[in-house]
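Please work through the exercises below with the sequence and the 3D structure open beside you, and try each task before you read its solution.

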Amino acid sequence: METQEKPCANCKLRAKYDNNPKSLGGRFWRWHINFCPGWKGYLQSLSEEERSAICEKYNYKK
């Protein structure tokens, strides 16, 4: 069975946040990940080390 890459890995809004966290798209993306089921699934698909690094990078505490 092939593993599909989650869309969150290449999200355009996430890229906007990475380039400029204070942009409208970046702020929207950061707000959106608080309840997005896709983001939660993406985090669950990562290893513990990758997950903790991403949570720290984006100040995600859930």
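The three exercises that follow concern helices and two arginines in a predicted model.

**Exercise 1. Helix H3**

Task: Find out which residues of helix H3 are buried and which are exposed, and explain why the buried ones line one face of the helix.

Solution:
- Begin with the extent of the helix, for H3 covers residues 37-45, and within it Trp39, Tyr42 and Leu43 are buried.
- Next look down the axis of H3, where the buried residues fall within an arc of 100°, so they line one face of the helix.
- Then turn to the other side of H3, where Pro37 and Gln44 are exposed.
- Finally ask what covers the buried residues of H3, and you will find that the cover includes helix H1 (12-19), helix H2 (24-32) and H4.

**Exercise 2. The packing of H1 and H2**

Task: Describe how H1 and H2 pack, giving the angle and how far apart their axes are, and state which residues meet.

Solution:
- Start with the geometry: the two helices pack at an angle of about 115°, and their axes are 7 Å apart.
- Add the sense of the crossing, which is left-handed where H1 passes H2.
- Now list the residues, for H1 brings Leu13, Arg14, Lys16 and Tyr17, and these meet Gly25, Gly26, Phe28, Trp29 and Arg30 of H2.
- Sorted by character, the residues of this contact between H1 and H2 comprise 4 nonpolar, 2 polar and 3 charged.

**Exercise 3. Two arginines**

Task: Decide whether Arg30 is buried or exposed, and then work out what the side chains of Arg30 and Arg51 reach.

Solution:
- Arg30 is found in helix H2, and its relative accessible area is 18%; buried means under 20%, so Arg30 counts as buried.
- Beyond residues up to four places away in sequence, Arg30 touches Tyr17, Tyr58, Asn59 and Tyr60.
- Take Asn59 as one of these partners: Arg30 and Asn59 are 29 residues apart in sequence, while their C-alpha atoms are 9.2 Å apart in space.
- A polar atom of the Arg30 side chain lies 2.6 Å from the backbone oxygen of Asn59, and a polar contact of 3.3 Å joins the side chains of Arg30 and Asn34.
- Turning to Arg51, which lies in helix H4 (residues 48-57), you will find that its side chain reaches the backbone oxygen of Leu46 at 2.8 Å.
- If neighbours within four places in sequence are left aside, Arg51 is in contact with Leu43, Gln44 and Leu46, and of these Leu43 is a buried residue of H3, whereas Gln44 is exposed.

Notes: Residues are numbered from 1 along each chain as its sequence is written. This is a predicted model: local features need pLDDT of at least 70, side-chain atom pairs count only at pLDDT 80 or more; totals for chains, interfaces and linings use all residues. Side-chain values use heavy atoms; hydrogens and water are left out. Helices (H or I, at least four residues) and strands (E, at least two) are DSSP runs, numbered from the N terminus. A polar contact is a pair of N or O atoms within 3.5 Å; within protein, one must be able to donate a hydrogen and the other to accept it, and residues adjacent in sequence count only if both atoms are side-chain atoms. Contact means heavy atoms within 4.5 Å. Buried means under 20% relative accessible area, exposed over 50%, partly exposed in between (1.4 Å probe, protein chains only). The arc is that of the directions from the helix axis to the C-beta atoms. Axes are lines fitted to C-alpha atoms, for helices over the stretch in contact, and angles run from 0 to 180 degrees between N-to-C directions. A crossing is left-handed if the near helix is turned anticlockwise from the far one by less than a right angle, and right-handed if clockwise. Ala, Val, Leu, Ile, Met, Phe, Trp, Tyr, Cys and Pro count as nonpolar, Asp, Glu, Lys and Arg as charged, and the others, Gly among them, as polar.
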